[in-house]
Each structure stands twice: as structure tokens, then as C-alpha cells.
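Welcome to a short tour of some local features that may be handy when you set up your own calculations. Please have a look at the sequence and the structure first.

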Amino acid sequence: MVKIETETLPKLSFPTRFHEEGAKNLATEKMVKSKKKLKMAKKVMLVWTFLVLGLAIMVLGSTHENNITCQQALTDLLPCQPFLTAAAGADQPSGPCCLGVQIVFQAASTTQIRRDLCVCFKNAAAQFGVKPDRAKQIPTLCNIALTIPIDPSINCST
């Protein structure tokens, strides 16, 4: 029988540098994935915040007592902008657009409010490049019976 002395054999060791770099790369990959997930979560939270804020504006804007302002009306009608400006792919007013028109029409309950909104809409239409023929189509396309005409040449004082 042959006796082998363990002190004379070379010690086997794994390349620790390789393992350390692999561990660092793995940790880096996990950190990058974690950061991406965090960024995505922040984006989702931001979207939800804007949705909740938009809903709050719509609810609060529609519950005020016969006192809708120009800014509130324009905010309610903001979803109509693609259709009104004939943006690509906006052949019909969207559901939120029709809802906004309904909200504004219901809030315009006095002659003075309707006159104020008339002036507001005329100014906004000129500023945002609203196509008059598109504006005239909204009541029909949204299935809303408006008692006031939508026409840029209307006299708001009457």
C-alpha cells in the first residue's frame, strides 16, 4: 500500500475571482431589475393619481351649484379636443367627450352662464384651432339634444 502525504499534494481551489465577479453580476442584474420594477410602479402610481384627480375634478366640477366657470367647462370638454381639431384617427367624439358635453350643458342652467360660456368657447375655439363643422356635429354624434346652437358666428349677447 502506498501512503500519500497530503502536505505534498497541491491544494485544489476554485477560482474565487470568477465566483466573486459572477456574484457581482448577478447582484447587479437583480438591482437593475428591481430599479425597473420600481420605475414601473412609480409610473403606475402616477397614472392612477391623475385618473383619481381627473375623476375628482369631474365630480366636483359637475356638483357645483349652477356656477360653472370657463376653466371648468374647458376641462370637462378637453377629451373633445382630438375630434374638434380633426386629429388623425379622431373620426368620432369619444365617450369622455360626450360625457363632458353633457356635464357642461347641464351646468349651463342660466342665461348669464350660457352667455359667459359662449364667449369662453368662441375664444378657446380660435385659440385651439377647432373646426366649426366638427363642433356642430357633436350633439348629433353624442346623442345629446342641445337647445342652443353650436356656431362660431353666434352672437353671445343674445
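A polar contact here is a pair of N or O atoms within 3.5 Å; within protein, one must be able to donate a hydrogen and the other to accept it. Please also keep in mind that this is a predicted model.

**A buried arginine**

With that definition in hand, let us turn to R134, a residue of helix α6, which spans residues 132–142. What lies 2.7 Å from a polar atom of the side chain of R134? The partner is the backbone oxygen of A90. R134 is buried and yet has no salt bridge. The nearest side chain of opposite charge belongs to D91, at 4.6 Å. A salt bridge needs a side-chain nitrogen of Lys or Arg within 4 Å of a carboxyl oxygen of Asp or Glu, so the cut-off is worth having at hand here.

**A patch of lysines**

Which residues gather in a patch of positive charge on the surface? They are K30, K33, K36 and K37. K37 belongs to helix α1, which covers residues 16–63. K37 is exposed because its relative accessible area is 64%, and exposed means over 50%.

**Apart in sequence, compared in space**

Two pairs of residues invite a look at both kinds of separation. The table lists them with their C-alpha to C-alpha distances.

| Pair | Apart in sequence | C-alpha to C-alpha |
|---|---|---|
| K122 and I154 | 32 residues | 9.1 Å |
| L141 and Q92 | 49 residues | 7.2 Å |

K122 sits in helix α5, made of residues 111–128, and is partly exposed, with a relative accessible area of 33%. L141 is part of helix α6; L141 is partly exposed as well, at a relative accessible area of 35%.

**Positive phi outside glycine**

If you like to check backbone torsions, A86 and N143 deserve a glance. A86 has a phi near 60 degrees, a positive value in a residue other than glycine. Where does A86 lie? A86 is in the loop between α3 (81–84) and α4 (95–107), and it is partly exposed, with a relative accessible area of 35%.

N143 is not a glycine either, and its phi is positive at about 60 degrees. N143 is placed in the segment after α6. Is N143 buried or exposed? N143 is exposed, since its relative accessible area is 74%.

Methods. Residues are numbered from 1 along each chain as its sequence is written. This is a predicted model: local features need pLDDT of at least 70, side-chain atom pairs count only at pLDDT 80 or more; totals for chains, interfaces and linings use all residues. Side-chain values use heavy atoms; hydrogens and water are left out. Patches are made of residues with over 30% relative accessible area and no salt bridge: like charges are joined within 9 Å, nonpolar side chains (Val, Leu, Ile, Met, Phe, Trp, Tyr) within 5 Å. Accessible areas come from the Shrake-Rupley method with a 1.4 Å probe; for residues, only the protein chains shown count as cover. Lys and Arg count as positive and Asp and Glu as negative; His and the chain ends are not counted. The place of a charge is taken as NZ of Lys, CZ of Arg, CG of Asp or CD of Glu. Helices (H or I, at least four residues) and strands (E, at least two) are DSSP runs, numbered from the N terminus. Buried means under 20% relative accessible area, exposed over 50%, partly exposed in between (1.4 Å probe, protein chains only).
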